[in-house]
Amino acid sequence: MATGEPALRADARRNYDRLLEAARECLTEQGTDASLRDVARRAGLGIGTLYRHFPTREALLEAVTRQRFDTLRDRAAGLRDAASPTEALTAWLRDFVTSAKAYRGLPASVLAALQDKESELHASCAAMRGQAARLLTRAQEAGEIRADVTSTELFTLAAGVAWAGEHSSARVDRLLALVMEGLAT
């Protein structure tokens, strides 16, 4: 549960945890369009229990990916003082692409959430992008990355690489290297 949310009774907490575990399994197998009924069934709970905890698909996806996105946000913050701004940015983008490939459809969900401030995913995606934007700015200020590239464009390119990795036999490291070559000054 997110910080600031009310504590749950022990049985409700067990149900919440069972739903998250079942959701991770279903998302791994079926992608972000996984059946919510399958999630509830796998958790051994009714669909009503799922909806009490997660009123929308995005709320469930946000709960499942929150730790992943928080880790990426923290990783970007930790890379801000790296010796090479471009190497730091590249390392973070590689981590993002790897993480975004975890569930089929996640790159598209991240991009959609960034454009929709009402999305349950928006806040965690925006925080992650904000830290990555600082890495981009640092590389731009060092004269290593084109000054006309925006964080939205960078994020879109990274999501595109992740999407290609989940839908083709393309080597993600190769695609990411090509993106970085195109961004270099």
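Where in the structure is the place of L89? L89 sits in helix α5 (residues 85-100), and this briefing starts from there before visiting helix pairs, a cavity and a few buried residues. Welcome to a predicted model, in which local features need pLDDT of at least 70 and side-chain atom pairs count only at pLDDT 80 or more, while totals for chains, interfaces and linings use all residues. Residues are numbered from 1 along each chain as its sequence is written, and side-chain values use heavy atoms, with hydrogens and water left out. Helices are DSSP runs of H or I with at least four residues, strands are runs of E with at least two, and both are numbered from the N terminus.

**Helix α5: L89 and V97**

- L89 is buried, with a relative accessible area of 0%; buried means under 20% relative accessible area, exposed over 50%, and partly exposed in between, using a 1.4 Å probe and protein chains only.
- Not counting residues up to four places away in sequence, L89 touches A132, L135, L136, A139, I145, L154 and M180, where contact means heavy atoms within 4.5 Å.
- From C-alpha to C-alpha, L89 and L79 are 7.9 Å apart in space, with their positions 10 residues apart in sequence.
- V97 also has its place in helix α5, and V97 is buried, with a relative accessible area of 1%.
- Setting aside neighbours within four places in sequence, V97 is in contact with A158, V161, A162 and V172.
- V97 and R73 are 24 residues apart in sequence, and their C-alpha atoms are 13 Å apart in space.

**Two helix pairs**

- Two packed helices are described by the angle between their axes and the distance between the axes.
- Here the axes are lines fitted to C-alpha atoms, for helices over the stretch in contact, and angles run from 0 to 180 degrees between N-to-C directions.
- The axes of α7 and α8 come within 9 Å and cross at roughly 105 degrees.
- That crossing makes α7 roughly perpendicular to α8; angles of 65 to 115 degrees count as roughly perpendicular, under 35 as roughly parallel, over 145 as roughly antiparallel and the rest as oblique.
- On the α7 side the contact is made by M128, R129, A132, A133 and L136, and on the α8 side by S151, T152, L154 and F155.
- By class, this contact of α7 with α8 has 6 nonpolar, 2 polar and 1 charged residues; Ala, Val, Leu, Ile, Met, Phe, Trp, Tyr, Cys and Pro count as nonpolar, Asp, Glu, Lys and Arg as charged, and the others, Gly among them, as polar.
- Helix α4 (residues 57-79) and helix α6 (residues 106-115) have axes that come within 13 Å and cross at roughly 95 degrees, so α4 and α6 are roughly perpendicular to each other.
- L61, T65 and F69 in α4 meet L106, S109 and V110 in α6, and by class the contact of α4 with α6 has 4 nonpolar, 2 polar and no charged residues.

**The cavity**

- The structure holds 1 cavity of 30 Å³ or more; on a 1 Å grid over the protein atoms alone, a cavity is a set of points where a 1.4 Å probe fits but cannot get out, and lining residues have an atom within 4 Å of a point.
- About 50 Å³ of space lies in the largest cavity, with grid points joined across faces, edges and corners and the volume taken as the space filled by probe spheres set on the points.
- L27, T32, A34, L36, R57, L60 and L61 line the largest cavity, and α4 gives the largest share of the lining, 3 residues.
- By class, that lining has 5 nonpolar, 1 polar and 1 charged residues.

**Two further buried residues**

- I145 lies in the loop between α7 (122-141) and α8 (151-167), and I145 is buried, with a relative accessible area of 1%.
- Apart from residues up to four places away in sequence, I145 touches T86, L89, L136, A139, Q140, M180, L183, A184 and T185.
- A22 is found in helix α1 (residues 10-30), and A22 is buried, with a relative accessible area of 3%.
- Apart from residues up to four places away in sequence, A22 touches V39, R42 and A43.

Key: 1 Å grid on protein atoms, 1.4 Å probe; cavity = no way out; pocket = protein on both sides within 12 Å on 5 of 7 lines; lining within 4 Å.
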